[in-house]
Amino acid sequence: MNKILLIIQREYLTRVKKKSFIIMTILGPLLIAAMIILPAMLSELSESSEKKIAVLDETGLFFERFNDQEKIKFYHVYEGLNTEKETALYGEGDLLLYIPITQLSLPVNAQLFSTKQPGLNVTSYVKSVMKKVIEDEKLKAQGIDPEIIKSAKADINLSTIRVEDDGAEKESYTEVEVGIAIFAGIMIYFFIFMFGAQVLKGVMEEKQNRIVEVIISSVKPFQLMMGKIVGIALVGLTQFLLWIFLTGFILIVFQGIVGIEPSSMDMLGQQGQAVGAGQSIDPEQLNMVFDIIGSLNLGAMVLSFIFYFLGGYLLYASLFAAIGGAVDQDADSQQFMLPVSIPLIFAVMMSGVIVNQPDSSLAIWLSMIPFTSPITMMMRIPFGVPVEQIIASGVLLILGFIFTTWLAGKIYRTGILMYGQKVNYAVIWKWLRQR
Amino acid sequence: MQALQTIEVTKRFSNHTALNKVSVEVDEQSIFGLLGPNGAGKTTLIRIINMITSMDHGQVLLKGKPIKPDDIRQIGYLPEERGLYKKMKVGEQAVYLAQLKGMSRSDALKNLKIWFDKFEIGSWWNKKVEELSKGMAQKVQFIVTILHQPQLLIFDEPFSGFDPINVNILKDEILNLRNEGATIIFSTHNMASVEELCDHIALINNSKLILTGEIHEIKNRFKSNIFEVGYHGLKDLLLDEDQFQVIESFQKNGELFSKIRILQNTTSNELLKHILQQVEVVSFQEVLPSINDIFIQQVNDTSR
């Protein structure tokens, strides 16, 4: 078997067999899935069955305004509180909503009796309806017809439409895109650093262990370096793909078991309403979010993520390998880590500017320079990037990592077998000039 | 033809010269001992032969041709600072390192089994290296070094860290390897092992080669005409002080012994003749200097 394949195999297998890798691989999708499922599940669990609410409305102002919801039904009761409590809670209904008359001109207190904790959607619905009624009453008291207010309320739905070069129009949804762009950029940053650091650690371990002398008597230094870099890249890819598949799998299985229908999305919408209390997110808007995610072409996003992760990783990992090979002590690596990491950190710091103006010249330049392009380009892609720019950036990235790998190979080759020398930039420059 | 030859190998580090025109020749199928005090340059020479360190001047020839990186991959090299992946299991790691040397997986497994049985360490196969003691890890590393049956073996301080029992096991294996056709170079401070194992030695001090050659030839070169006589009878031998000098006399197991230096213009036969007239001789042998003595004497002489 080819020796570099053997090295890749070892680097890969020892890492994916590690407990930490397995834990991360399982925990990651669980966390992501939990973030998606949990809110839906919580309301689903508490609202698993239809709720019947008896309304004892002493004021007579509210009942008419409670409309039956999909899982919340209302019915009117008139007897005294104690009687109704008995019948409602242990008889026909599940909850009793009691709105007493108060001394104040407008009632602002109500009580909701229940044998179990009422769901968030019940309380929020009741609250929002009552609020509306009271607002209307207040307006009436001032002599203003609520209808006038309603008609005066302007609902602006500004949709930005991007006109493509070929004249096709596409609705753009900036806010969601900003979210996705920043998420993708941060993920790239995170992946490059996490797996780049593993390369650094691995190289330093070999050097400090002195096992490198044994291995160098079997394979070329460049083979050892590339084997490690590629092996760890595969670990990163494996983790990323497993995360995607496992998250998808968990979501599908979960839907199958618990039976969260698409309607749970409405539930989410209602919940949003509840949490936002007043500043309503209407379900349409939520659907729009899913629309956008769909329209983003997830396949293309995943592919470009993989490309920019690999490209960016290869570029930085070879530099990290060179650092690991050059220094003896962990502490010495810091002085070299900083300048190498600065472009990445800079790209993340610029994210605000870039998502605001994804086509500004700063954004275009940063997405061309190989040291920042993985992060910046991932942030621009959700907004749509001209094909020629993607190609240019891709080619530059490939050239970039070929260059850094070549450079790193020269430093690594000399440094890995050098012990006890105080390494600084002058020394590294000397190694670079060695033939 | 020599298996390995270095010609005037010179290496300078920034503030000192590590090797100064060192030329050694290693015969095929022999054991070559590289001796010298700490810091003399032994490890540097070994690392130059392995192309880990580059040399400033000189040449290293393998079977008469300048050594190439591909040749290095065929050498079995045991570095002074032993290193194994700490988190990896012993067996897995041994197979990996053997495969890197070009062995097939099945061959590696087969040979490893033989060696692990021989060293009685079969039960370590699934242990992680970090669970082994230093000496145990060295056994594993020794096996890994010789597993692919290299024609040239280079051991840097192979005995350091081993107990006497394991030193003996290791010596036997080194002799076996030589008898099976391998050429072996090793550096050591263990003089007893040098006497037992080496066919040739080279002594390096202060980055210079001060002595090299066949071990018996060197011993003869440094002998000082001292003979040891064991006898019964008279307590003190009466000898002509112009011809013979009694260095010391002592008693051991009921017999008397004397070490006598023969001065110029006479022979051991003359000495024997003189003694035979006085006592009953039990033993008579020439005292050759030990490598240890030669080492200390030469190092002191050249360091002065």
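Three exercises on chain B of a predicted model follow, each with a worked solution.

Local features need pLDDT of at least 70 and side-chain atom pairs count only at pLDDT 80 or more, while totals for chains, interfaces and linings use all residues. Residues are numbered from 1 along each chain as its sequence is written, and chains are lettered from A in the order in which they are written.

**Exercise 1.** Determine how many residues of chain B are in contact with chain A, and which classes they belong to.

*Solution.* Taking two residues to be in contact if their C-beta atoms, placed from the backbone, lie within 7 Å, one finds 19 residues of chain B in contact with 16 residues of chain A. Helix 3 (residues 90-100) of chain B gives the most to this side, with four residues; helices here are DSSP runs of H or I with at least four residues, and strands are runs of E with at least two. By class, the side of chain B that touches chain A has eleven nonpolar, three polar and five charged residues.

**Exercise 2.** Describe how helix 3 and helix 5 of chain B pack.

*Solution.* The axes of helix 3 and helix 5 (residues 134-146) of chain B are 9 Å apart, at an angle of about 25 degrees. Helix 3 of chain B is therefore roughly parallel to helix 5 of chain B, a term for angles under 35 degrees. B:Val90, B:Ala94, B:Leu97 and B:Ala98 in helix 3 meet B:Val140, B:Ile143 and B:Val144 in helix 5.

**Exercise 3.** Decide whether B:Gly230 is buried, partly exposed or exposed.

*Solution.* B:Gly230 has 17 C-beta neighbours inside 10 Å and so counts as partly exposed, since buried requires 20 or more and exposed 12 or fewer.

Technical notes: Nonpolar A, V, L, I, M, F, W, Y, C, P; charged D, E, K, R; others polar. Axes fitted to C-alpha atoms, helices over the stretch in contact; angles between N-to-C directions. Parallel < 35°, antiparallel > 145°, perpendicular 65-115°, else oblique.
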